[in-house]
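Here are my notes on the model you sent over. I've put them as numbered points so you can follow along with the structure open.

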Amino acid sequence: MVPDLDVYLFDLRGYIHLRGALSPEEVAACNDCLDAIPRLEPGQWYGHVQGHTYGTLDGLNYQQIYEAGEPFERLIDHPSWIEHVKLFVGGEGTFDYHHGPLFIDECFAGFRGPGEAIGLHSGGHPPIHRNQFRYHGGRFMCGQVNVLVALTDIGSGDGCTMVIPGSHKSNFQHPDYHRQHMRPGGATVEGTEGAVEVHIAAGDALVFVDGISHGSARRTRPGERRVCVYRYGPSWGNFRLGYAPSPELLARLTPERRRIVQPLELLPREPQVKAPAAGVPGPGGAP
């Protein structure tokens, strides 16, 4: 059951802060997995994990992070947030739910060092199907809900996630968007009127609709900011960047986790009736 206050604040602000979502042991296990991977360059693969960047001086990502080991598999349907995500994406009790209402279209671990940040992006205007916020007929129907989990403490100077509360419902673009938005030369959300830093401790999770205007402050302290992000949407979605789960991952996942990672399996094509040759009219007369 999702607490009423979490529902209220998600609707009002577009995000909620779940303190202590992961135990210290779970955080340590995730960091151990990351430490076991040689530091990748963008485009390099290590097993089924790929180095990646958004090209905006935003740091380094390890895409398909649920492939990195059981500690990250556990996050697919972690009890600290999975009921929140089901509620906010919606779909339970509908046709979508028969395929599992959720689908993870992107999941990655992110590393950000001194001088790195990501600029402002998303917001209620212009409206985008993929990251829309909607509540209709007594149901949330959000196109994408993100769970950002801190794997290190992230406070002032650490490159905090920044959000503009309520901007998921905005009918207007922020006047400073063109100065602060994410772009190849790099940008930061600092100085954007209405934006706030969200300080989170290792193990905390931010659950937010992707339609909220968000980004980060620039990291100014030594060391490394570490997070992982799982993006959930409806089961009929598709992978954002063209990735796909490996057969090895699918084979070892629980049925519940597999339904989120691959809601629909491809139907086997084993014809019992021989099809006509290409260009030959079929039974209806058309080729």
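1. Let me start with proline 71, which is buried, its relative accessible area being 13%. Keep in mind throughout that this is a predicted model. Proline 71 belongs to helix H3, residues 70-73. If you skip the neighbours within four places in sequence, proline 71 has Ala29, Cys30 and Cys33 as its contacts. Glutamate 25 is 46 residues away from proline 71 along the chain, yet 9.9 Å separates their C-alpha atoms.

2. Next, have a look at asparagine 31, in helix H2 (residues 24-35). Is asparagine 31 buried or exposed? Asparagine 31 is buried: its relative accessible area is 14%, and the cut-off for buried is under 20%. A polar atom of the asparagine 31 side chain sits 3.0 Å from the backbone oxygen of leucine 151. Setting aside neighbours within four places in sequence, asparagine 31 is in contact with Leu151 and also with Arg226.

3. Now the eight-stranded sheet. What is the order of its strands? Reading across, the order is E1-E11-E8-E13-E5-E4-E3-E2, in an open sheet with antiparallel pairing. E1 and strand E2 (45-46) are the edge strands, each with a single partner, so one side of each has no neighbour in the sheet.

4. Two helices to place against that sheet. H1 packs on it and touches E1, E8 and E11; the direction of H1 makes about 135° with that of E1. H2, the helix that holds asparagine 31, lies across strand E4 (60-63), E5 and E13. Relative to E13, H2 runs at about 100°.

5. Strand E11 (residues 205-209) deserves a closer look. Why can we call E11 largely enclosed by the rest of the structure? Five of its five residues are buried, so that description follows. As a reminder, side chains in a regular strand alternate between the two faces of the sheet. In E11, Ala205, Val207 and Val209 point one way, while Leu206 and Phe208 point the other way, and all are buried.

6. E11 has E1 on one side and E8 on the other in the strand order. Strand E1 (residues 15-18) runs antiparallel to E11, and four bridges join the two. Within that pairing, tyrosine 15 has phenylalanine 208 of E11 as its bridge partner. With strand E8 (residues 145-150), E11 pairs over five bridges, again in the antiparallel sense. There, alanine 205 in E11 stands opposite valine 149.

7. E1 is an edge strand, but don't read that as bare faces: both faces of E1 are covered. Tyr15 and His17 are on one side, Ile16 and Leu18 are on the other, and all are buried. Tyr15 is the residue I mentioned above as the bridge partner of phenylalanine 208.

8. Elsewhere in this sheet, E5 and E13 are worth tracing. How many bridges pair strand E5 (residues 102-112) with strand E13 (residues 225-234)? Ten, and the two strands pair in the antiparallel sense. One place to check the register is phenylalanine 103, which stands opposite glycine 233 in E13.

9. Back to helix H1 (residues 4-13), which also packs with helix H4 (residues 82-89). Their axes are 12 Å apart and the packing angle is about 50°, so H1 and H4 are oblique to each other. The crossing of H1 past H4 is right-handed. Which residues meet there? From H1 you have Asp6, Val7 and Phe10, and from H4 they meet His84, Leu87 and Phe88.

10. Last point: there is also an open sheet of three strands, in the order E10-E9-E12, with antiparallel pairing. Strand E10 (196-198) and strand E12 (214-216) take the edges with a single partner strand each, so one side of each is left without a neighbour in the sheet. Ignoring direction, neighbouring strands of this sheet are turned by 40° against each other on average. Strand E9 (residues 161-163) is joined to E12 by three bridges, and the two run antiparallel. In that pairing, histidine 214 in E12 is the bridge partner of valine 163.

Notes. Residues are numbered from 1 along each chain as its sequence is written. This is a predicted model: local features need pLDDT of at least 70, side-chain atom pairs count only at pLDDT 80 or more; totals for chains, interfaces and linings use all residues. Side-chain values use heavy atoms; hydrogens and water are left out. Buried means under 20% relative accessible area, exposed over 50%, partly exposed in between (1.4 Å probe, protein chains only). Two strands pair if DSSP finds at least two bridges between them. A polar contact is a pair of N or O atoms within 3.5 Å; within protein, one must be able to donate a hydrogen and the other to accept it, and residues adjacent in sequence count only if both atoms are side-chain atoms. Contact means heavy atoms within 4.5 Å. Axes are lines fitted to C-alpha atoms, for helices over the stretch in contact, and angles run from 0 to 180 degrees between N-to-C directions. Angles under 35 degrees count as roughly parallel, over 145 as roughly antiparallel, 65 to 115 as roughly perpendicular and the rest as oblique. A crossing is left-handed if the near helix is turned anticlockwise from the far one by less than a right angle, and right-handed if clockwise.
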